Amino acid sequence: MEADVPRHTRLSDYLLAVGSLCDVREYAPTGLIASEIGVSNGTASSKLKELAGRGLVELRSYAGVKLTPEGTAIAVNARRRQQLIELFLLQTLQLPPVDVAEQAWAIEICISDSTLVAIDDFLGKPSRDIHGDPILA
């Protein structure tokens with residue numbers, strides 16, 4: 001079953017890509033963001049301008065974008081949701097590891113915060129995700 005939202009068109013996809021790219025550089029170039037999420041440069045540019053207008057990224061001509069504190073908060077929340085859902089799908093439902101990332105992406109947008117808290121509690125408030133990375137707070 002596919003998610004109703006086309007892959008990589010959500011606000012969180014852009015913010016997560018910017019955050020990831022800014023781990024190794026101050027500003028993330030539009031072309032690299034587009035490449036990472038699988039959209040055209042024009043599509044990425046339009047979306048990044050929209051995000052800048054909403055105060056979620058800082059846009060600098062010829063350099064790219066970086067997250068604002070508000071954008072960082074949304075990205076961290078989205079990643080945490082994905083991490084917990086991936087772990088739940090792997091450990092509880094025993095889905096194959098290759099399937100859990102895509103499934104978590106599809107699920108994370110439609111579950112409530114209270115459901116996520118229940119998943120976190122059910123899993124014993126894990127500190128590491130399925131890759132061994134720290135689960136974001």
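**Contacts, burial and rings in a predicted model**

Mentor: We begin with Gln83, whose side chain comes within 3.0 Å of the backbone oxygen of Pro134. The model is a predicted one, in which local features need pLDDT of at least 70, side-chain atom pairs count only at pLDDT 80 or more, and totals for chains, interfaces and linings use all residues. Residues are numbered from 1 along each chain as its sequence is written, and side-chain values use heavy atoms, with hydrogens and water left out.

Trainee: What makes the approach of the Gln83 side chain to the backbone oxygen of Pro134 a polar contact?

Mentor: A polar contact is a pair of N or O atoms within 3.5 Å; within protein, one must be able to donate a hydrogen and the other to accept it, and residues adjacent in sequence count only if both atoms are side-chain atoms. The distance from the Gln83 side chain to the Pro134 oxygen is 3.0 Å, so it falls within that limit.

Trainee: Is Gln83 buried or exposed?

Mentor: Buried means under 20% relative accessible area, exposed means over 50%, and partly exposed lies in between, with a 1.4 Å probe and protein chains only. Gln83 has a relative accessible area of 3%, so it is buried. Gln83 belongs to helix α4; helices here are DSSP runs of H or I with at least four residues, strands are runs of E with at least two, and both are numbered from the N terminus.

Trainee: Which residues is Gln83 in contact with, leaving aside its neighbours within four places in sequence?

Mentor: Contact means heavy atoms within 4.5 Å. By that rule, Gln83 meets Asp129, Asp133, Pro134, Ile135 and Leu136.

Trainee: Why is the pair of Phe88 and Phe122 called edge-to-face?

Mentor: Rings of Phe, Tyr and Trp (its six-membered ring) pair if their centres lie within 6.5 Å; planes under 30 degrees apart count as stacked, over 60 as edge-to-face and the rest as tilted. The structure holds 1 aromatic pair. The ring centres of Phe88 and Phe122 are 6.0 Å apart and the planes stand at 70°, so the pair qualifies and is edge-to-face. Phe88 lies in helix α4 (residues 69–91) and Phe122 in helix α6 (residues 113–122), so the pair ties together parts that are 34 residues apart in sequence. Phe122 is nevertheless exposed, at 58% relative accessible area.

Trainee: How do you know that the charged end of Arg10 sits over the ring of Trp105?

Mentor: A charge sits over a ring if NZ of Lys or CZ of Arg is within 6 Å of the ring centre and within 35 degrees of the ring normal. The charged end of Arg10 is 3.8 Å from the centre of the Trp105 ring and is assigned to this class.

Trainee: What makes β1 and β2 a pair of strands?

Mentor: Two strands pair if DSSP finds at least two bridges between them. Here 4 bridges join β1 to β2, and the strands run antiparallel. One of the partnerships links Arg60 with Gly64 of β2. The hairpin has 3 residues between its strands, and Tyr62 takes a positive phi near 65° there, although Tyr62 is not a glycine. Tyr62 is exposed, at 89% relative accessibility.

Trainee: Why is Val65 called buried?

Mentor: Val65, in strand β2, has a relative accessible area of 0%, so it meets the rule for buried. Its contacts beyond four places in sequence include Val18, Cys22, Ile33, Leu48 and Val57.

Trainee: How do you know that helix α1 is mostly covered?

Mentor: In α1 (residues 11–21), 10 of its 11 residues are buried, among them Leu15, Leu16 and Val18. Their cover includes α2 (30–37), α3 (41–53), β1, β2, α4 and α5.

Trainee: How many disulfides does the rule give?

Mentor: A disulfide is a pair of cysteine sulfur atoms within 2.5 Å, and the count comes to 0. As for accessibility, Cys22 is partly exposed at 22%, whereas Cys110 is exposed at 61%.

Trainee: What does the side chain of Thr68 make a polar contact with?

Mentor: Its partner is the side chain of Glu70, at 3.2 Å. Thr68 lies in the loop between β2 and α4 and, at 15% relative accessibility, counts as buried.
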